[in-house]
Amino acid sequence: MEILSKVADLALAPLFNFVMRQLTYPFKAGDNVRALRSASGHLLTRKEDVVEMIEIAERNGQKPTHQLQEWLDEVKATKAQADEMVEKYKQRCMCFNCFSPNCCSNYSLSKTAAELLLDVQRLLNDERTKELAITPAPPPVQEVPVPTTSTSSPNANQNLEEALRYIKEDQVGMIGIWGMGGIGKTALLQRINNSFIGDSSFDVVIVATASQSCTTEKIQNEIAENLKLQRDGDVSRKAKIIFNFLSKRSFLLLLDDLWGRLDLQDVGIPFPLGMVGEHKRKVVLTTRSIAVCGQMEVRKRIKVECLNENDAWSLFLEKVGEETINSHPRVPSLAKDVIKELEGLPLALITIGRAMYEKKDPRQWEYSINLLRNSRLHEVEQTGMEEETTFYRLKFSYDSLKSDTLRECFLSCSMWPEDCSISKSRLIECWMGLGLIKEFASMSEAYNTGHTLIGDLIGACLLEQSQQYDFLLRMHDVLRDMALWIARDNGKNKNKWIVSGDDRPLDKEIWHEAERISRSFDDLKVLGNIGAFVALTYLDLSYSGLVCFPIEICGLVQLQYLSLEENGIQSLPEELGSLVNLKFLILRHTAVQTIPQGVITKLKSLQVLDLYESDGTDERNLTYLPSLVFKELECLNNLRGLGICVEGISQLNKIIELPSLSVRSLAVSRLESTSFSFTSSFLSNEKIQSNLAELCLKKSNVTQVVMEGSHLHPTWHLRSLGKLQIRNLRCLEEIIWKGVVPRELFQALSILSIKGCDMLKNISWVLHLPCLNDLRVIECSTMRQLIADGTENHGENIADIAEKEEKGIMLTSTFPCLKEIFLDDLPEIVSICHSMFAFPALDNITVYECRKLKKLPFRPGNIPSKIRSIYGTKKWWEGLEWEDSGVRTFLQPFYEEDSDSDDSVSADSG
């Protein structure tokens, strides 16, 4: 019975308590409401404390937890209900003195207050308020500020579209953006980043900056900071953390300012890149060096070019301000002169624009322009912080070059005049003369070394390949100014290097301070008094208008390099023999007719003697017989390279008798026979084949030139010959090929000039020159076609080509490298070639005095996509006939009336 009694008590107790609680509600309304009001006040205080702590956490980059946000929402709702209940009880007290005879009303109010009190007490003791805030996960893409001018340029938009297209290609993993310093690569990367805001293509887009001091750990820390990952531990642990996070996601890594190879797998980037399963793995990097693109195994490259004139003006105007530009009627035109000097380099436009902000006097602008034209850009900038200057920021590219030799090679490029194209061969000879290329077994090896150095400088964006001619280079004006600034001890010794364009007189003080002088292309006429200065080792006076050899030069006994190319000098003095240290003597394209006997013998140190085309006009020749020249050359044990003009086969064959000599440039005239065979001449000599780079056949009565193979020389070819001129062979009727084909004989021929060959009907064999870059045909009075219709010796029948095209068979590009076609004074020419041929690289066509040429070899399927200019008279252009009017419409914007080519240089000067 006792057990039953205890069970009954346990079962009935809850029921009893429930009943008693219900019965007491009507009598405890006041107590419950007062308790609710007190607890509600405590809850409000608690909420205010929590909100204040959340604000502090947000200032530290954190955000409230989701659970805490729920607690705040519940507090708000519960507090509102409690306030409503308290207010309701207060109103009743005003009417019934806090007591109502209505038991039901008392019951409801008291019960609700008691329940709300429990809710308030629960919220006061809630565990959710213990963890107030957490560090938020970063957004998939974090927007970065982008310069406004970088978003309006057509070129910038084209680069962005190209980059986004590559990123979307599944098979592309690594994309490289390269270009010279300060050109806008970072701005492009920033625009790529912002392009993915609101785009679900990638789970995360990461931006990291490498810089010159880049290390694996530095990049790891940037990525971890970007993604809010743990950064504790060594490089291996960090790599594992990054790998584990990214391997489960689609990611785009934007890596800015990379200077060398970085092993991304060591960083923790999952490989392979591209589309892997359902995840995209992409990397876009920026660099100043194309070599870095190769080291990083970039598969798609985008080169960022300088701004065009309109975009450069917009950027400059933004920095200098319209108030300054409009301050004086002359300022706008002067500002455009400044922009021209800066050649569209954004970095220089920005710094110089800021420097000119308050300059409203035209004389201030003229002074600044004069400084810019004298390679003194750093004096215009007037910035108080060296690291903000243009030269300081560009100098990183110079400092990062792999050797002192390469740095010296770069500096020497500044000796060419501003805006002047630089011949690759002349530049290499300059480097040899300065001792930057040495210890070479042959001239061919030296030139190969030189071309490698040129490639390194182009790859570092410190030199540029000419758009029109493969044999020419150019140097950006700002980079040239920087090079001179460096060469002159960071601008502290302006007399150390005297270069073209420096219009200061060569007085005694300058000569004594100068270490290197190059006044090529300056109109000197006379050199001035060089006094007793004897320390100079390098002197370049090419293209300077000199008509007499400056006898003072013979006193520069330490001189090692002397160039007098393209001057009107007619004779050399006997005193020239005193330059016993002279290694390079360049006299090509002069009017030299006399060399005193014995002078050459005295130049014991001579390594290169260039007398190529040094015979005045076509009617004059050296009065010092070449046979005696050859005899003296035999005494020069150090001579490795020769440029010379010879007459007849006998003199031609004498070159073979100089076994240690490498002939680089050769002009052959007055051949006795009516037939000239390459094989029977000295050209079959192995040493000639290896080194001959330039050949001119001229002023002879030959009727045919035979390119003939031989069982003695079944594989011979002129593998170094880059330039071939055939001039004034008035009786030449044909060039015959026997046992050898053009592409094998002339493997490297890039320039072909044919002039004054009146009987020549066509030059169809040029169709098979794989490296032909520049084709010039002038004064051939009976030539009707360049490439004749029908089957040629080594070509295909036009009908066969058409049949293949109809079947969709892709043909090898007939002119894969041809950029320039120059035709002048061809009165009978009616056709260049059939329109079946392709010109994938053609850049320019110039046509003068070709009245019967009514068609260009283009139709809708073979319009040259890289064409930039077509020059000719208006009458000729308007008289052209077209197979398809759409071809004319496409080409019309590229037509220019009677203008010279952009590089302003003929093939003869290459």
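**Notes on a small sheet, a helix pair and some backbone oddities**

1. Strands 20, 22 and 24 form an open three-strand sheet in the order 20-22-24, with parallel pairing. Its edges are strand 20 (675-677) and strand 24 (734-738), each pairing on one side only. Here strands are DSSP runs of E, at least two residues, and helices are runs of H or I, at least four, numbered from the N terminus; two strands pair if DSSP finds at least two bridges between them.

2. Keep in mind that this is a predicted model: local features need pLDDT of at least 70, and side-chain atom pairs count only at pLDDT 80 or more, while totals for chains, interfaces and linings use all residues. Residues are numbered from 1 along each chain as its sequence is written, and side-chain values use heavy atoms, leaving out hydrogens and water.

3. Back in the sheet, strand 22 (residues 704-708) runs parallel to strand 24 over five bridges. V705 sits opposite I735 of strand 24.

4. A cis peptide bond links F271 to P272, with omega near 0 degrees. P272 belongs to the loop between helix 9 (264-267) and strand 6 (274-276).

5. Two non-glycine residues with positive phi are worth a look: C461, near 60 degrees, and R670, near 50 degrees. C461 is in the loop between helix 20 and strand 10 (464-465), and R670 is in the loop between strand 19 (662-669) and strand 20. C461 counts as buried because its relative accessibility is 7%, whereas R670, at 37%, counts as partly exposed (buried is under 20% relative accessible area, exposed over 50%, partly exposed in between, with a 1.4 Å probe and protein chains only).
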